[in-house]
Amino acid sequence: MSPMVALLNTIVLVMTGIIFQYVLIPAHIADPFKPNLLIILVVYIGFRSAFRVGAVSSFLLGLLHDSLSGTNFGLSGFSFLFIFFLYHEIANRLYTRSRLLMMLGAFLATFLHAFLSLVLLLMFSSSTGVYASILPSVLPQGLVNGVLSACLFNVIPVTGREKA
């Protein structure tokens, strides 16, 4: 597969995920069970992508998530970038073609994203009681992300780890 076709496939995959996450899913699924497709994509990027491309794309996906979801701008950008760094660092030690690893990675990334968002909001925001909106939805969203990542494992092209 040529690099241009791979780039086009990635762009189509990201645009499809954005349309599903922000247009189709909110109309049909109740709030705590909405999956976060961008976290699943960041987990995949962390396991499979080269460092420079993955870091930039993870940060941009986080900023896109912030701008479309209405949260504080930069919050998800930082969280997604941290998740990418963590998963990219441990990817060399793991068998990244495992469906179980993708499920566990998406589940844990959901908790990590919520924890980082909570810590950053507590540090930089003056609003009180922000944890009340984040904590109750973490477990259901983590479970949905884990199960959905197993389904998306067949859709996202399974390639080898790219070199930097």
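## A half-hidden residue in α4

Let's start with Ile-90: with a relative accessibility of 32%, it counts as partly exposed, because that label covers values between 20% and 50%. You'll find Ile-90 in helix α4. It also helps build a nonpolar patch on the surface, together with Phe-78, Phe-82, Leu-86 and Leu-94. The patch covers about 390 Å².

## How far to trust the model

Keep in mind that this is a predicted model. The protein chain has an average pLDDT of 86, and 95% of the residues reach at least 70. Which element has the highest mean pLDDT, and which the lowest? Helix α4, home of Ile-90, comes out on top with 95, while helix α6 (residues 131-134) sits at the bottom with 74. As a rule of thumb, predicted coordinates shouldn't be read in detail where pLDDT is low.

## Helix α3 and its neighbors

Now over to α3, which runs through residues 51-69. Does its length add up? At 1.5 Å a residue, its 19 residues should span 27 Å, and the C-alpha atoms at its ends are 26 Å apart, so the two agree. Right after the helix comes Gly-70, with a positive phi near 85°.

Part of α3 is tucked away. Its buried residues are Gly-54, Ala-55, Ser-58, Leu-61, Gly-62, Leu-63, His-65 and Asp-66. What do these buried residues pack against? Four helices: α1 (3-28), α2 (37-48), α4 (75-90) and α5 (99-124).

## A buried proline in a loop

Pro-35 sits in the loop between α1 and α2. Is Pro-35 buried or exposed? Its relative accessibility is 7%, so Pro-35 counts as buried, the cut-off being under 20%.

Who keeps Pro-35 company? Leaving aside residues up to four places away in sequence, Pro-35 touches Gln-21, Ile-25 and Ile-29, and also Gln-141, Val-144, Asn-145 and Leu-148. There is a long-range pairing here too: the C-alpha atoms of Pro-35 and Leu-143 are separated by 8.8 Å, although these residues are 108 places apart along the chain.

## A buried serine in α5

One last stop is Ser-117, in helix α5. Ser-117 has a relative accessible area of 7%, which means that it is buried. Beyond residues up to four places away in sequence, Ser-117 touches Leu-75 and Ser-79. Helix α5 is also one of the helices that the buried residues of α3 pack against.

Note on methods
Residues are numbered from 1 along each chain as its sequence is written. This is a predicted model: local features need pLDDT of at least 70, side-chain atom pairs count only at pLDDT 80 or more; totals for chains, interfaces and linings use all residues. Side-chain values use heavy atoms; hydrogens and water are left out. Helices (H or I, at least four residues) and strands (E, at least two) are DSSP runs, numbered from the N terminus. The expected span of a helix is 1.5 Å times one less than its number of residues. Buried means under 20% relative accessible area, exposed over 50%, partly exposed in between (1.4 Å probe, protein chains only). Contact means heavy atoms within 4.5 Å. Patches are made of residues with over 30% relative accessible area and no salt bridge: like charges are joined within 9 Å, nonpolar side chains (Val, Leu, Ile, Met, Phe, Trp, Tyr) within 5 Å. Accessible areas come from the Shrake-Rupley method with a 1.4 Å probe; for residues, only the protein chains shown count as cover. A salt bridge is a side-chain nitrogen of Lys or Arg within 4 Å of a carboxyl oxygen of Asp or Glu. pLDDT is the predictor's confidence in each residue, from 0 to 100.
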